[in-house]
Amino acid sequence: MTETPPPAPRQSAGGASSPHDDERHAERPGQYENPNPQAPAPGSGQVRHEMAGSSPYPQFEGPAAAHHGSEPLPPPPVGTAHPSYGPPGTGPGWAPSGSAPAQKPVYGYQQVPTGPTTLDVGQALSYGWATFRANPGPWVGVTALGLVIYLASLLVVQLIDPTTMLPLLLVFLAVMAGIWLLQAAMVRGALFETDGTPPPFGAYFRFLNAGNVLLTALLAFTLTFLGSAICLLPGLIAGWLCMFSLHFVVDQDQGPFEALKSSFMLVVANAWQVLLLALAVLVVTFLGLLLCGLGLLIAGPVAVIAVTYAYRTLTGGPVTAR
């Protein structure tokens, strides 16, 4: 029987065989075993694709493929989508259909606190001044709009020259409605400021319900007017109790009676601190009137921001430090 000749030795690059070639090409234990048990086995029908580039690591297809190296990424949690592999046009933050819609943020609290809360009146005024200095343009513009409304009302009265009480009353109500809406706009701007978002001019007028604003302001004005008709002191007390009513309407979208009740409860629970705040606001407003009313362009915003700071502090709402 003819013996089968041994295989020819491999030749090196230069054409000559090397005595170490047999050792270098000899099989080693585990040489052809799959080092990654999760990788597709040879002949399973899954093809491994490599990406051209400087990276020597193999690249695999699929949502769990690693961007660098061969270690697979963990799959995304159930009910979510990987931001890079979600449906077209979804992008980061996508949630599958049927998930709960985003809730509208509600600031402060749902129940009016019954106990007193610490309020530093000096800190409230300092916060108002620092906030105004950081964003004076829109505040001056909104406050100047109030002066324009006042001057326009004087012009209308001069033009129509009312001889009866009814036209004068209608002009008065129109002016007051404009002022109340402007107050709500300033409250909205002050809430943006305490959130840490200095608002542009248009953001001041994004209050939720103008009807609730007007009804709440009308009720507060009526209570103050009736109290003042009886005696000056009851009128001042009524205005003091209604101090935060517009804040509850604009910030928490409460109805007129609910907002008045919430303001009453908040003021009574912190009577001494709110009284000091009201006196400080009156002093700031009086100082603004000394400069022919032009000082109100500064005093008005500072007072509104200070009161809004007090509202957020007393209700446990967010206040961004200045």
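Is Y204 buried or exposed? In this predicted model, Y204 is buried, its relative accessible area being 0%. The structure holds 9 aromatic pairs, and the points below describe two of them, together with an aromatic cluster and a charge placed over a ring.

**The pair W139 and Y204**

- The ring centres of W139 and Y204 lie 5.0 Å apart with their planes at 90°, and the pair is therefore edge-to-face.
- This contact joins distant parts of the chain, since W139 belongs to helix α3 (residues 136–160) while Y204 sits in the loop between α4 (165–194) and α5 (210–230), 65 residues apart.
- W139 counts as buried because its relative accessibility is 0%, and Y204 is likewise buried at a relative accessible area of 0%.

**The pair F221 and F225**

- F221 and F225 have ring centres 6.2 Å apart and planes at 20°, so this pair is stacked.
- Both residues lie in helix α5, where a spacing of 4 residues means that F221 and F225 are separated by about one helical turn.
- With a relative accessibility of 31%, F221 counts as partly exposed, whereas F225, at 53% relative accessibility, counts as exposed.

**Cluster and charge over a ring**

- F221 and F225 also belong to one aromatic cluster, which they form together with F172 and W180.
- R188 places its charged end over the ring of F192, at 4.7 Å from the centre of that ring.

How values were computed:
Residues numbered from 1 in each chain as written. Predicted model: local features only at pLDDT ≥ 70, side-chain atom pairs only at ≥ 80, totals over all residues. Heavy atoms only, no water. Phe/Tyr/Trp six-rings, centres within 6.5 Å; stacked < 30°, edge-to-face > 60°. Helix = DSSP H or I, 4+ residues; strand = E, 2+ residues; numbered from the N terminus. Buried < 20%, exposed > 50% of the residue type's maximum accessible area, 1.4 Å probe, protein only. Lys NZ or Arg CZ within 6 Å of the ring centre and 35° of its normal.
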